[in-house]
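Opening my notebook on this one. I want to look up cavities, then a helix or two.

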Amino acid sequence: MDIAASILVAVMMAATPLLLAALGEMITEKSGVLNLGVEGMMLVGAVCAFVAAHSTGNAYLGVIAGGVAGMLLAAFFAVLVLGLLTNQVATGLALTLFGLGLSALIGKSFVGQPIPRLPLLSIPGISDLPVIGPLLFGHDILVYVSLAAVFIIHRVIGRTRVGLTLRSVGESPQVAHGLGLSVRRVQAAAILIGGAFCGLGGAYLSLAYTPMWAENMTAGRGWIALALVVFGTWRPLRVLAGAYLFGAMTLAQLHLQGLGVPIPSQFLTMLPYLATILVLVLMSRDATRIKLNAPAALGKSFHPDR
């Protein structure tokens, strides 16, 4: 049982950055905006979180810095796609490349420097209980934030006026504008919130999962997060299930390498990404399901004067 609990804890750790980034992208896409710059925002969030924590000695300030950095990069994206009406796909890809270069530049002098990991929130007497203790009461704050965010977002999107406004803008910005809603303001807010979540996902990598900075340390997790949104059909609870599934695959390839399984390590490292491709191929076979769940205006620029 202790071994099983240890494995589940490791799966939760591997899934947390994916879950945070996927939730952020899901909020953005719910407003009808497609942001492919998740990888770039995660990298900038990771390096800014590490630099802040390393410079101040406070990991929680690092968490805040990571979220703010992701939001600032998302704000730059919002100015381009909402203000200048640039192509969302091209701008998102450019944002990823920009984030890759910017993070490498900022973190150049911090490569390989370790810092204390983000503190675990333990409850005396309860965290030490077998199985349940480490599984439920022995994580850092970002793990709990990611889990709480799933249920909060599920409630807000499905049961509140704010969620209805977000969904209406994503389904038909023209109708929403005709009803007096500020479409660009709603989309800008969704982009900023999505960027903050992506930044927090990057911060988790550099402060908790592997408490150090290394260039391109996200290793494609931003692209997996994008796939998780489609896999979860734009629903928070399904995104949660998908994140933990892919987290388990990431952990499995590490364990298989550690056990000395006679399979090339390069192939094992590919497993999470192969699974991502396979899931997208299988889901693309049912185009009707994707159309029914995806926001109707996803990726389409809107201008109130047009």
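**Cavity check**

I looked for cavities first and found 1 of 30 Å³ or more. By cavity I mean a set of points on a 1 Å grid over the protein atoms alone where a 1.4 Å probe fits but cannot get out. The largest cavity has a volume of about 40 Å³, with volume being the space filled by probe spheres set on points joined across faces, edges and corners.

Note to self: this is a predicted model, so local features need pLDDT of at least 70 and side-chain atom pairs 80 or more, while totals for chains, interfaces and linings use all residues. Residues are numbered from 1 along each chain as its sequence is written, and side-chain values use heavy atoms, without hydrogens or water.

Next I pulled the lining (an atom within 4 Å of a point). Among the lining residues of the largest cavity are Val33, Leu85, Gln88, Lys300 and Phe302.

**Helix α12**

I moved to α12, residues 265-284 (helices are DSSP runs of H or I, at least four residues, numbered from the N terminus). α12 bends by about 45° at Leu271, and Pro272 follows within four residues. The bend is the angle between axes fitted to the seven residues ending there and the seven starting there. Pro272 is also buried, as are Leu268, Ala275, Thr276, Val279 and Met283 in α12.

**Thr165**

Last, I checked Thr165, which sits in α7 (residues 161-171). Is Thr165 buried or exposed? Thr165 counts as buried because its relative accessibility is 18%, and the cut-off is under 20% with a 1.4 Å probe, protein chains only. Leaving out residues up to four places away in sequence, Thr165 touches Leu181 and Val186 (heavy atoms within 4.5 Å).

Notes
Helices (H or I, at least four residues) and strands (E, at least two) are DSSP runs, numbered from the N terminus. Buried means under 20% relative accessible area, exposed over 50%, partly exposed in between (1.4 Å probe, protein chains only). The expected span of a helix is 1.5 Å times one less than its number of residues. On a 1 Å grid over the protein atoms alone, a cavity is a set of points where a 1.4 Å probe fits but cannot get out, and a pocket is an open set with protein on both sides within 12 Å along at least five of seven lines; lining residues have an atom within 4 Å of a point.
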